[in-house]
Structure formats: C-alpha cells, structure tokens
Amino acid sequence: ANNAGMFLGGGGAMASTSGFLSGAMAMSVPKLILLSVLLTHTLGFAFGYLVPKKFFGFTERTARTISIETGMQNSALAVVLAKSI
C-alpha cells in the first residue's frame, strides 16, 4: 500500500495512502493503476499530436510521427505501472 502512494501522489507529496483511499468514492489500487495506464497512454498520443500540430505548426505527417513516438514511449511506462499490481 505504501508503494501506491509513490505512484499516485508522487512520493513525497503523500505520506500515507490511508486517507487518500478511504471513503465512499475510493477506488482500489489496481483500478487506479489501470486508470493511470489508460490515461497515460491516451494523453500521450493526444498531446503528442496536438502540441506539435497546433502550437508549433508541424505538418500532419510530422505531428502523427511525434504522436506515435510519444505514445510508444509512454507504453513502457504503462507496462511498469501495470506490473506493479
């Protein structure tokens, strides 16, 4: 349970997960990890496309390439999070 605090709260920002995970709306740690994996993956692809395309004016092809590269790099992080269950 203490390792969950490292992933969910950035480590030092949360001393204990007991207060964070208690209450009626609390999710189990595996569900939080799954949610974080899905969000990391989705947001990696989305922002990997939108930021180069909209803010830096890259071509469609370049923006797609950056999106794929960003998403694939986030896949490694997603695997690490999923294995921590």
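Student: What is the relative accessible area of Met27?
Tutor: First, a word on the source: this is a predicted model, where local features need pLDDT of at least 70 and side-chain atom pairs count only at pLDDT 80 or more, while totals for chains, interfaces and linings use all residues. Residues are numbered from 1 along each chain as its sequence is written, and side-chain values use heavy atoms, with hydrogens and water left out. Met27 sits in the loop between helix H2 (18-21) and helix H3 (29-55), helices being DSSP runs of H or I with at least four residues, strands runs of E with at least two, numbered from the N terminus. Met27 counts as partly exposed (buried is under 20%, exposed over 50%, partly exposed in between, with a 1.4 Å probe and protein chains only), and its relative accessible area is 34%.

Student: Which residues make the nonpolar surface patch with Met27?
Tutor: Patches take residues with over 30% relative accessible area and no salt bridge, joining like charges within 9 Å and nonpolar side chains (Val, Leu, Ile, Met, Phe, Trp, Tyr) within 5 Å. Here the patch covers about 440 Å², with areas from the Shrake-Rupley method and a 1.4 Å probe, and only the protein chains shown counting as cover for residues. Met27's partners in it are Leu35, Leu39, Leu43 and Phe47.

Student: How many helices does the chain have?
Tutor: From the N terminus on, the elements run α-α-α-α. There are 0 strands, and the helix count is 4.

Student: What share of the chain's exposed area comes from carbon and sulfur atoms?
Tutor: Of the 85 residues, 21% count as buried. The chain exposes about 6000 Å², and the share from carbon and sulfur is 68%.

Student: Which residue takes part in salt bridges with both Lys53 and Arg64?
Tutor: A salt bridge puts a side-chain nitrogen of Lys or Arg within 4 Å of a carboxyl oxygen of Asp or Glu, and the whole structure has 2 of them. One involves Lys53 at 3.5 Å, N to O, and the other Arg64 at 3.0 Å, N to O. Lys53 is partly exposed at 25%. The residue that meets Lys53 and also meets Arg64 is Glu60.

Student: How many residues apart are Arg64 and Glu60?
Tutor: Both lie in helix H4, about one turn of the helix from each other. Together with Lys53 they are linked in a network of salt bridges. Their separation in residues is 4.

Student: What is the angle between the planes of the aromatic pair Phe56 and Phe58?
Tutor: Rings of Phe, Tyr and Trp (its six-membered ring) pair if their centres lie within 6.5 Å, with planes under 30 degrees apart stacked, over 60 edge-to-face and the rest tilted. The structure holds 1 such pair. Phe56 and Phe58 form it, 6.5 Å centre to centre and tilted, with an angle of 50°.

Student: What is the relative accessible area of Gly48?
Tutor: Gly48 is in helix H3. Leaving aside neighbours within four places in sequence, Gly48 is in contact (heavy atoms within 4.5 Å) with Leu43, Ala63, Ile66, Ser67 and Thr70. Gly48 is buried, at 6%.

Student: Which residues does Ser67 touch, not counting those up to four places away in sequence?
Tutor: Ser67 is found in helix H4 (residues 60-83). Ser67 is buried as well, with a relative accessible area of 9%. Its contacts beyond those sequence neighbours are Gly44, Phe45, Gly48 and Tyr49.
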